[in-house]
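Let us take a friendly walk through this structure together. Please have a look at the picture and the sequence before reading on.

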Amino acid sequence: MKIQLVDIDKAFKYYQINDINYKNRCYKCIEDINTIEDFNIKTEEIYNILYNDKTFKIDTLWKRQNIIELFGEQYNPFVTSVLVLLGYKLHEKNMIDKNYSNIQKEIYRRRVKEALTNDIYVRELESIRISQMIWAAYFINTKLIEVGRLQYEKCENHIKIHIPSGEKLEIEKVFNSIKESKLEIEKYFDLRNAEYRCDSWLLSNQINDIIDSNSNIAKFYNLFEVQDGPDAKKDILNFVFNMRECDDYNNLLEDTSLQRLLKKQLLENKSIKIGWGKLKKEVL
């Protein structure tokens, strides 16, 4: 695998990223990839999983928490950004092949840009997380469409709902998204009368028991038939407290009512589970 700097330059232009420091860090990572044989081989393996594999190996990458788990040893951490940028040609081709509207094309490019930059600029991390690399690959592979407030992923026998962060979960916008999604799913996924599912901390039975029944989260929860899934603490730290890990829950923020409620639950070592939800038929 020989990575050309010109391809990275074109990718930066495609996703409208103009940060010279970011680009230079990618250049240094590419130099490492091109000169360190084992790093090169493993980078190509991950690239193929992200963009060429058709057996859902990409979904196994969610379990990898850091570069050592991903590659077997520590390499330049900016490889996650480089791997996303290397997918830009495929991204452009996939959207043309599926005849995506200009609106969908703009959404897709913006979401990949966010995956490339939010961890660096907002979270101030050393590099983008593996999870952000995977999310970007989902958009590059056109596995998702975004309709209003929600995103929809085509799975083997159902549609999986995703909830982008950064905006209130207003129930009217949720209803409008679900209603409008049916035509978009038929158009881009060629799928009709699909079952909708959602796995999220927002559907936690334990959280629903303690929040205001008139809250947006409670109203969203009530759209689904919910069963308990795995432990939700990791997602709660990530999405509620904007943290990857926490050694002392006493240090968690209390800026919002939800943070205060969940901090109390964590301090009391209460069980909080992910909710596995199936959208109620009457909602559709």
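F56 is partly exposed, because its relative accessible area of 42% falls between the limits of 20% for buried and 50% for exposed. Keep in mind on this tour that the model is predicted. You can find F56 in the loop that runs between α3 (37–51) and α4 (67–71). Its backbone is worth a look as well: phi of F56 is near 65°, a positive value in a residue other than glycine.

Further along the chain, another loop lies between α7 (102–121) and α8 (130–140), and E124 is found there. The phi of E124 is also positive, near 60°, and this residue is not a glycine either. E124 has a relative accessibility of 66%, so it counts as exposed, the cut-off being over 50%.

Now step into helix α7, where R111 sits. With a relative accessible area of 16%, R111 is under the 20% limit and therefore buried. Its side chain joins that of E114 through a polar contact of 2.8 Å. Leaving aside residues up to four places away in sequence, R111 touches F139, E146, Q151 and P164.

Finally, turn to the largest nonpolar core, which has 90 residues. Which residues have the most contacts inside it? They are M133, Y152, W201 and I236. Helix α8 gives the most to this core, with eight residues. To follow M133 outward, again skipping residues up to four places away in sequence, look for I46, L50, L61, L70, T80, L83, V84 and I128, which M133 touches.

Conventions: Residues are numbered from 1 along each chain as its sequence is written. This is a predicted model: local features need pLDDT of at least 70, side-chain atom pairs count only at pLDDT 80 or more; totals for chains, interfaces and linings use all residues. Side-chain values use heavy atoms; hydrogens and water are left out. Helices (H or I, at least four residues) and strands (E, at least two) are DSSP runs, numbered from the N terminus. Buried means under 20% relative accessible area, exposed over 50%, partly exposed in between (1.4 Å probe, protein chains only). A nonpolar core is a set of buried Ala, Val, Leu, Ile, Met, Phe, Trp, Tyr and Cys residues joined through side-chain atoms within 4.5 Å. Contact means heavy atoms within 4.5 Å. A polar contact is a pair of N or O atoms within 3.5 Å; within protein, one must be able to donate a hydrogen and the other to accept it, and residues adjacent in sequence count only if both atoms are side-chain atoms.
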